[in-house]
Amino acid sequence: MYPSLGFNRSLGWLANLVVLIIIITNPQPGAAQTSTRVKWADDRYKVDILLVVAHPDDEGAATPYLARAVDEGKRVAVAYGTRGSSGENQAGAEQAAALGEIREIEARRACLTLGIDKVWFLGGKDTASQDVLQSLANWGHGATLENLVRIVRITRPEVILTFLPGTFIGEDHGDHQAAGVLATEAFDLAGDPTVFSEQVAAPLRRLEPYLENLRPWQPKKIYYFPDGDKEEIFRDKGPRYSVTEISKSAKKAYWRMALDSFLKHETQAKGFIASLSKMDDSQIEKMATSDGFWSNGIGFVRGKSLVGGSVTGDVFEGIAPGAISFARPDASPEPSAPEVSVELAGPWSFYAEFRRAHGLTHLPHPEPPEIAQQAEGTFVIPLWLRNQTAEAREFSLSVSLPAGWTTQNGMVKLKVEAKQTGAARMEILLPALTETGAKKPEAQEIQIRGESNGQVVGDVKILVELRKRALPE
Ligand SMILES: [Zn+2]
């Protein structure tokens, strides 16, 4: 097991000898004693900001801000959910797991351009889905959370930055959402000594092989960046930073530092790098700061602050050095539910409960719920049929659809036993996208009506925007 067993063994003998000498020479009770300092956490790993994202290159959603933060002396760590083993390889032939190996190196290089060398990979797998629950399942929710809580306890961040958990019309990647969900859970759990207690237990042996000797850590603030297209509902929900200011240390604009960092992702950006070589500096600046990427600067949505400060104030407003006490999240009370109801299930009902459980009911979310879907295709709407009465109930579901959209279900009749909640699905066949010129097609509404005993027990609405491509990679 140990190639240098003899050496270790002789060291062990030496250590035992030292212990023996200490015991022998220990002063008698009553004599003056000097105390020995206990080992403390490794300060090299203490950070101010922990960025939690899903894939290599996702850090680009925050790099113009991270460049500024590093400039201001802040220490930053990054945790990636996956190694990004899916998608196209623009730089070579390697695919799948082999591509993931390469992308890990690229991500480390990208972070290093900003001076960030504390980079972790949580071990999740890429999920081609907009459904956060599929991503969480594919990543192994429990093991990944355990890992992230460990990283929070090692890095002791003042602030966590991550994707906004929610479903929006946009890229809306399930993996991005999973990063946001896990980061929120870790924010609420890492300070709780009863959570993954083996991590915070003190060692019982000299070279403790099981217990980790970390301390609980309560981060002070959590901020989110959205993965949705429409900016209105995120506006003024948090601070916003210019990307055109010049870094004092690098003498470059923050957008340029972010772009240079992104260019390290060659397997994802080789084509983009080639297109940059045909542009002059002013064209590149225009692309980065006014046409695309970071045209409105870089903004965050404030999730929680345990140290006050204003919603749109600086990320570090209100933060003083030192640990704060563990704060159990302020769960909002369960809303009173009717005895019989039909509701959206899947990620939508999850997020409604998630926001309540984590004291985040103020987080922006679209009403009615919205999603982009690939056309043509099938869109499956998951539903809960709740029956809290003492008798079995029959539900009938009918759907009203935009012109040209169809369902194979027609009128659905389902029976749910007393005090039970049943799962149902409505499958909608989406037509091929008709050319509308440069104009993007408007999102259209699907409405599902649930009835029971002749009464309406639910009107579920969802806005759907048809797209040529809507499956995240
Ligand atoms: Zn991504």
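**Exercise 1. Place strand β12 and follow its partner.**

Five bridges connect strand β12 (residues 393-400) with strand β16 (residues 444-452), and the two run antiparallel. Strands here are DSSP E runs of at least two residues, and helices are H or I runs of at least four, both numbered from the N terminus; two strands pair if DSSP finds at least two bridges between them. The model is predicted, so local features need pLDDT of at least 70, side-chain atom pairs count only at pLDDT 80 or more, and totals for chains, interfaces and linings use all residues. Residues are numbered from 1 along each chain as its sequence is written, and side-chain values use heavy atoms, without hydrogens and water.

Which residue of β16 stands opposite S398?

Step 1. S398 faces R449 in β16.
Step 2. β16 also pairs with strand β17 (residues 455-467), antiparallel, over nine bridges.
Step 3. Within that pairing, Q447 has K461 of β17 as its bridge partner.
Step 4. Two residues lie between the strands of the β16 and β17 hairpin, where N453 takes a positive phi near 50°.

**Exercise 2. Find the partners of strand β11.**

Step 1. β11 (residues 377-387) is joined to strand β9 (residues 340-344) by five bridges, antiparallel; L344 is partnered by L383 in β11.
Step 2. Eleven bridges pair β11 with strand β15 (residues 420-430), again antiparallel. There L385 stands opposite G422 in β15.

**Exercise 3. Check the length and burial of helix α6.**

Step 1. The expected span is 1.5 Å times one less than the number of residues.
Step 2. For the 16 residues of α6 (residues 174-189) this gives 22 Å, and the end C-alpha atoms are 22 Å apart, which agrees.
Step 3. Buried means under 20% relative accessible area, exposed over 50%, and partly exposed in between (1.4 Å probe, protein chains only).
Step 4. Because 15 of the 16 residues of α6 are buried, the helix is largely enclosed by the rest of the structure.
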